[in-house]
Amino acid sequence: MKGKFIVFEGIDGSGKTTQINELSKWLIGTDLIPENNKLVITREPGGTKLGKSIRSLLLDTSRETPPDSITELLLYAADRSQHVNEIIRPTLEKGDWVISDRFCGSTLAYQGYGRNLDINLIKDLEAIATQGIAPDITFLLDIPIEESIRRRINRKDDRIEKEGREFLSNVSLGFQALSEDSNWKKISAIKAKEKIISEIKSEIKKLLKNK
Ligand code: TMP
C-alpha cells in the first residue's frame with residue numbers, strides 16, 4: 001500500500017482521541033505525508049454510514065435484547081469489512097494516510113480475552129474482514145484499569161464499558177499480550193500528554209526511516 005495506516009488501541013479512557021488529535025495536527029504541519037496526499041481520521045466501530053448503525057446495535061444500552069457474544073463478534077467483523085472496503089483500502093491505495101481509533105486488536109482483546117471467544121475463530125474472521133490490510137503501526141495507550149474507571153466516572157458507560165472490572169482486566173491483559181508484537185508500540189499513557197505525543201512522533205519518524 002502506498003499510504004500509511006496507523007492504529008490506536010487501549011482500554012476505555014486511555015486518551016486515544018486526544019493523542020489522535022495531537023498526532024494529526026502535527027502530521028499535517030510536517031512534510032511526512034507526501035504533497036497532494038491527505039490524512040483521514042476514522043474509527044471502529046462506526047467509521048462508515050453503515051458502521052454507525054452497527055455501532056448503535058453494538059453499544060446502545062437501551063436495547064431489550066443485547067447481542068449474544070457471537071453476534072457481537074460478527075457485528076464488529078461486519079463493521080470492519082465495510083470500513084476496510086469503503087474507507088481504509090481506497091484511502092491507502094491513493095497514498096493517503098489513515099489513523100484509526102481501534103481496529104483488529106480491539107476484537108482480539110475485547111471478544112477474545114474479554115468474552116473468552118476462540119482466538120482462531122476471531123483471526124479467521126479478521127482475515128475475511130481485512131482482506132490483508134494491516135496497520136503499519138499500532139499504538140497501545142496503556143493505563144491501569146483503576147485509572148480507566150476513574151477517568152470514566154462522570155461519563156455514561158456504553159454496553160461494553162458496563163461489563164465491569166473483571167472483564168476490563170481481561171481485556172487489558174489481552175492488550176498487553178498483543179503489544180508484544182513487533183508492529184505494536186506500548187506507551188504508558190498516565191504521564192503528561194506532551195510526553196506521550198512526543199514518544200508517538202518519534203515512533204512515526206522511526207517507522208518512516210525503516211520502510
Ligand atoms: P469507543 O468508545 O472507543 O469508540 O469503542 C467502542 C467500544 O467497543 C469499546 O468499549 C470497545 C468496544 N470494541 C469491541 O469490543 N470490539 C471491537 O472490535 C471494537 C472495535 C471495539
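A polar contact here is a pair of N or O atoms within 3.5 Å; within protein, one must be able to donate a hydrogen and the other to accept it, and residues adjacent in sequence count only if both atoms are side-chain atoms. By that yardstick, R55 reaches the ligand: an N or O atom of its side chain is 3.0 Å from a ligand oxygen. This is a predicted model, where local features need pLDDT of at least 70 and side-chain atom pairs pLDDT 80 or more, while totals for chains, interfaces and linings use all residues. Residues are numbered from 1 along each chain as its sequence is written, and side-chain values use heavy atoms, without hydrogens or water.

**Around the ligand**
- The ligand has 16 residues around it (a heavy atom within 4 Å), and R55, Y76, R102, T107 and Q111 come nearest.
- The side chain of Y76 places an N or O atom 2.8 Å from a ligand oxygen.
- For T107, a polar side-chain atom lies 2.6 Å from an oxygen of the ligand.

**Inside the protein**
- The largest nonpolar core (buried Ala, Val, Leu, Ile, Met, Phe, Trp, Tyr and Cys residues joined through side-chain atoms within 4.5 Å; buried means under 20% relative accessible area, with a 1.4 Å probe and protein chains only) has 44 residues.
- Among those with the most contacts inside this core are F8, F175 and I204.
- A second, separate core of nine residues includes V7, V84, V98 and I133.

Conventions: Buried < 20%, exposed > 50% of the residue type's maximum accessible area, 1.4 Å probe, protein only.
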